[in-house]
Amino acid sequence: SNKIKFIKNKVVLVSGGGGSIGSELCRKITLLEPKLLIILENNEPSLYSINNELLQMSAFTKFKFILGSVGNISLVEKIILENKVDIIFHAAAYKHVPLVQSNPIEGIKNNVIYTRLLCDLAIKLRVKNMILISTDKAVRPTNIMGASKRLAEIILQSFAKKEGSKDSKEFKTIFSMVRFGNVIGSSGSVLPLFQKQIQNGGPITLTSPNIIRYFMTIPEAVNLVLEASFLAKGGELFLLDMG
C-alpha cells in the first residue's frame with residue numbers, strides 16, 4: 001500500500017519516539033521497512049524500553065536510539081545531516097494540561113519554539129516530509145497546552161505556505177499536521193485517571209459535564225497518522241474522525 005512505499009528504504013526520524021504515540025509510530029514504521037529509524041527521546045526510561053522492544057521486533061531494520069531533546073538544535077542538525085533524514089514525525093511535546101498550565105514557559109518552549117526550530121532545520125537540510133502530531137485541544141484552545149499546539153500548527157502552516165510558493169523546480173519540504181482527540185492508553189489521556197478513580201470506588205472528576213469525549217486506540221490513531229502523511233501535498237491539517 002501507499003504507506004509502505006512512503007516509508008520503505010527511507011531514513012525516518014521520530015522525535016518523542018519513546019512516548020505513547022511516538023513508540024507506536026516506531027513499531028508501525030519498523031514493519032514498513034525503513035532504511036534507518038532514528039528515535040530521539042529525552043526520557044531515559046522511555047528510550048530504554050522502546051530500544052529493547054524494537055531490537056526484539058526486527059533484526060533487519062537499522063535503528064539509532066538517541067537520548068536528547070529536540071530543542072538541542074546542534075544535536076538535531078547533526079542527526080539530520082549525518083543520516084540524510086527523509087521524513088520527520090514530530091511527536092515530542094508536553095501534553096498534560098494542568099502541568100503545562102502551571103509551567104507555561106517550559107510548555108511553550110517545548111511545544112512552540114522547538115517546533116519552529118525543527119521546521120527551520122527541515123527546510124535548510126532538505127528533509128522531504130515533516131509531520132506534526134497535534135491534538136484537538138488546539139481547537140479554540142481554553143488552556144496553554146492547547147494554545148501551544150495551535151501555535152505549532154500555525155507555524156507548520158506558514159512554513160508550508162512559504163514552501164508552496166517556491167518555483168516548481170526547487171526542492172520543497174512537505175509539512176503536514178495530524179490532529180486527534182483522546183487516545184486510549186496514551187500518556188496524555190484522561191482514561192488512566194478515570195480507571196484509578198473507579199478502582200478506588202469513585203467519584204470520577206469531570207472538568208465539565210458538557211464535554212463530549214471521543215476515544216480511539218493508539219494503533220488506530222497511528223495508522224491514521226501514517227495514512228495522512230503520504231496523502232500530504234503540503235500544509236494540510238488532517239482531522240481524525242473520532243467516535
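**Exercise 1.** Does Tyr48 count as buried or exposed, and at what relative accessibility?

Solution. This is a predicted model, in which local features need pLDDT of at least 70, side-chain atom pairs count only at pLDDT 80 or more, and totals for chains, interfaces and linings use all residues. Residues are numbered from 1 along each chain as its sequence is written, and side-chain values use heavy atoms, without hydrogens and water. Step one: buried is under 20% relative accessible area, exposed over 50%, and partly exposed in between (1.4 Å probe, protein chains only). Step two: Tyr48 has 56% relative accessibility, so Tyr48 counts as exposed.

**Exercise 2.** Place Tyr48 in its helix and relate that helix to the strands.

Solution. Tyr48 is found in helix α3; helices (H or I, at least four residues) and strands (E, at least two) are DSSP runs numbered from the N terminus. Helix α3, residues 44-57, lies across β2 (36-41) and β3, at about 170° to β3. Angles run from 0 to 180 degrees between N-to-C directions, with axes fitted to C-alpha atoms, for helices over the stretch in contact; contact means heavy atoms within 4.5 Å.

**Exercise 3.** Give the strand order and identify the edges.

Solution. Strands pair if DSSP finds at least two bridges between them. The open sheet has seven strands, ordered β3-β2-β1-β4-β5-β6-β9, with parallel pairing. β3 (62-67) and β9 (237-239) each have a single partner strand, so one side of each lacks a neighbour in the sheet.

**Exercise 4.** Describe the pairing of β4 with β5.

Solution. β4 (residues 87-90) and β5 (residues 129-135) pair in the parallel sense over four bridges. The bridge partner of His90 in β5 is Leu132.
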